[in-house]
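Student: I would like to request a close look at a single part of this model, followed outward into its surroundings.

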Amino acid sequence: MRFRGFTIFVTGGAGFIGSAVVRHLLRDSDARVVNIDKLTYAANLDSLPGAAGNPHYAFEQTCICEAALLRRLFDKYQPDAVMNLAAESHVDRSIDGPGEFIRTNIVGTFTLLQEALRHWRRLPSERRARFRFLHVSTDEVFGSLGTEGSFSETTAYAPNSPYSASKASSDHLVRAWRETYELPTLVTNCSNNYGPYHFPEKLIPHMIIKGLADEPMPVYGDGSNVRDWLYVEDHARALSLVLERGAVGETYNVGGRNERTNLHVVEAICDLLDRIAPAFDGPRRRLISFVTDRPGHDRRYAIDASKLERELGWRAEENFETGIEKTVRWYVEQRAWWQAILGRGYDAERLGLIQTPASQPSREPAT
Ligand SMILES: NC(=O)c1ccc[n+]([C@@H]2O[C@H](COP(=O)([O-])OP(=O)(O)OC[C@H]3O[C@@H](n4cnc5c(N)ncnc54)[C@H](O)[C@@H]3O)[C@@H](O)[C@H]2O)c1
């Protein structure tokens with residue numbers, strides 16, 4: 001079995017992708033997994049069914065900005081690897097309140113790097129040689145594409161939102177800790193993920209839930225923005241592969257070659273819902289409504305994942321059509337999971353619209 005005798009820290013393991021990574025490692029490897037998560041609004045321990053009773057699993061509610069607490073965890077568990085998925089991840093929230101993105105994504109990554117470095121330097125040579133720090137990032141650091149081309153590992157960074165700028169900063173820190181201190185780091189940059197256990201504010205779960213409730217399905221702008229969609233479990237497999245076999249100091253792009261306009265995604269959800277859970281009032285496409293676009297909305301992302309495919313033999317198992325069907329079915333069948341989130345007071349309000357001083361103050365205090 002893979003990762004026999006390994007202890008792996010997964011930060012953000014109660015989030016969307018982090019929980020997929022924890023489920024994957026517990027199911028398909030021998031690793032002991034320590035989930036380090038602050039439990040922000042985006043976290044949900046219900047996304048880890050069965051984990052709590054698993055002897056290979058431990059959970060620590062800790063913020064990655066807290067150096068002393070992290071140090072205690074490194075000393076207690078003596079990990080062989082860190083997979084850093086703890087982050088503030090929602091672009092619209094970063095427009096309303098960038099401060100938390102700077103803290104977690106930049107200061108948190110810095111703090112984690114420092115504590116990992118301290119731990120790594122104290123390891124015996126054999127364990128020091130196998131230690132890895134895998135930082136999980138996004139294709140949004142590359143900015144926006146025109147109608148042609150795709151992001152490769154050598155594409156220059158050009159982030160456009162507070163979220164992507166904070167992730168770009170953290171990627172640079174990880175690189176610098178490798179170059180300066182020789183900490184064995186790797187970075188992955190992935191395209192948009194979708195799948196089960198996705199927080200209801202993100203496009204796909206939001207639309208499924210709106211469609212099921214027969215409520216308007218709001219599409220930003222004219223819906224022509226293009227994203228390259230990857231099923232979350234394909235991402236989890238890619239991350240464990242990069243951790244296991246990736247070359248230290250390298251970055252790997254992860255993507256499924258599934259470019260779709262946002263409007264296409266929403267229409268596909270409407271048609272699947274009509275098939276799986278028909279509505280009394282007719283086809284769901286009648287619910288689609290176009291709303292004011294997001295400020296600085298990147299037009300198109302597309303990932304060239306050929307390095308990961310060529311060097312590590314990774315392939316996405318799901319294409320968009322198979323993955324979106326699995327996802328819609330999951331939300332239809334697992335209503336209790338997302339209804340509990342709505343029941344905790346999450347109201348799916350529109351975020352990320354910059355307010356003028358005359359209308360309403362921004363949530364972020366002026367500095
Ligand atoms: N979702 C995507 O489509 C996507 C695509 C590419 C890359 N990524 C990257 O993958 C990573 C995970 O994304 P996600 O979609 O799972 O995010 P998420 O928002 O669903 O989960 C983030 C998790 O991190 C935890 N967290 C936040 N701040 C923390 C802190 N200070 N200390 C400890 N834990 C903290 C949260 O409680 C939550 O459980 C992020 O780094 C993100 O940038 C996401």
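Student: At which residue does α4 bend, and by about how many degrees? Please continue from there to the aromatic pairs and to the polar residues further along the chain.

Tutor: The model is a predicted one, and the description below should be read accordingly. Helix α4 bends at Gly108, by about 30°. The helix covers residues 99-122, 24 residues in total. From its first C-alpha to its last it reaches 34 Å, close to the 34 Å expected at 1.5 Å a residue.

Within this helix, Phe110 provides a link to another part of the chain. The count of aromatic pairs comes to 18. Phe110 and Trp177 form an edge-to-face aromatic pair, with 5.9 Å from centre to centre and 85° between the planes. Because Phe110 belongs to helix α4 and Trp177 to helix α6 (residues 162-181), the pair ties together parts that are 67 residues apart in sequence. The two partners may also be described by their accessibility. Phe110 is partly exposed, at a relative accessible area of 35%, whereas Trp177 has a relative accessible area of 10% and is buried.

An edge-to-face arrangement is also found for Trp330 and Trp337: their planes stand at 70°, and their ring centres are 5.5 Å apart. Trp330 is buried, with 13% relative accessible area; Trp337 likewise counts as buried, at 8% relative accessibility. In addition, ring pairs join Phe142, Phe151, Tyr157 and Tyr301 into a cluster.

Rings also take part in arrangements with charged side chains. Arg130 lies over the face of Phe6, 4.2 Å from the ring centre. Over the ring of Tyr252 sits the charged end of Lys307, at 4.8 Å from the ring centre.

The polar residues begin with Thr138, which is found in strand β5 (residues 132-138). Thr138 has a relative accessible area of 7%, and is therefore buried, the limit being under 20%. Its side chain makes a polar contact with the side chain of Asp139, at 3.5 Å. A polar atom of the Thr138 side chain also lies 2.9 Å from the backbone nitrogen of Glu140. Beyond its neighbours within four places in sequence, Thr138 is in contact with Tyr163, Lys167, Thr188, Asn189 and Cys190.

Asp139 and Glu140 reappear in the surroundings of Asn192. Asn192 is placed in the loop between β6 (185-190) and β7 (193-194), and at 19% relative accessibility Asn192 counts as buried. With neighbours within four places in sequence set aside, the contacts of Asn192 are Asp139, Glu140, Arg227, Asp228, Trp229, Leu230 and Tyr301. Tyr301, one of these contacts, is also a member of the ring cluster described above. The C-alpha atoms of Asn192 and Leu25 are separated by 21 Å, and these residues are 167 residues apart along the chain.

Asn193 is placed in strand β7. Asn193 is buried, with a relative accessible area of 8%. A polar atom of the Asn193 side chain lies 2.9 Å from the backbone oxygen of Ser191, and the Asn193 side chain makes a polar contact of 2.8 Å with the side chain of His235. Outside the residues within four places in sequence, Asn193 is in contact with Phe16, Ile17, His198, Trp229, Leu230, Val232 and His235. Trp229 and Leu230 are thus among the contacts of both Asn192 and Asn193.

Definitions and conventions: Residues numbered from 1 in each chain as written. Predicted model: local features only at pLDDT ≥ 70, side-chain atom pairs only at ≥ 80, totals over all residues. Heavy atoms only, no water. Helix = DSSP H or I, 4+ residues; strand = E, 2+ residues; numbered from the N terminus. Expected span 1.5 Å × (residues − 1). Bend = angle between axes of the 7 residues up to and from the residue. Phe/Tyr/Trp six-rings, centres within 6.5 Å; stacked < 30°, edge-to-face > 60°. Buried < 20%, exposed > 50% of the residue type's maximum accessible area, 1.4 Å probe, protein only. Lys NZ or Arg CZ within 6 Å of the ring centre and 35° of its normal. Polar contact = N/O pair within 3.5 Å; in protein donor to acceptor, adjacent residues only side chain to side chain. Contact = heavy atoms within 4.5 Å.
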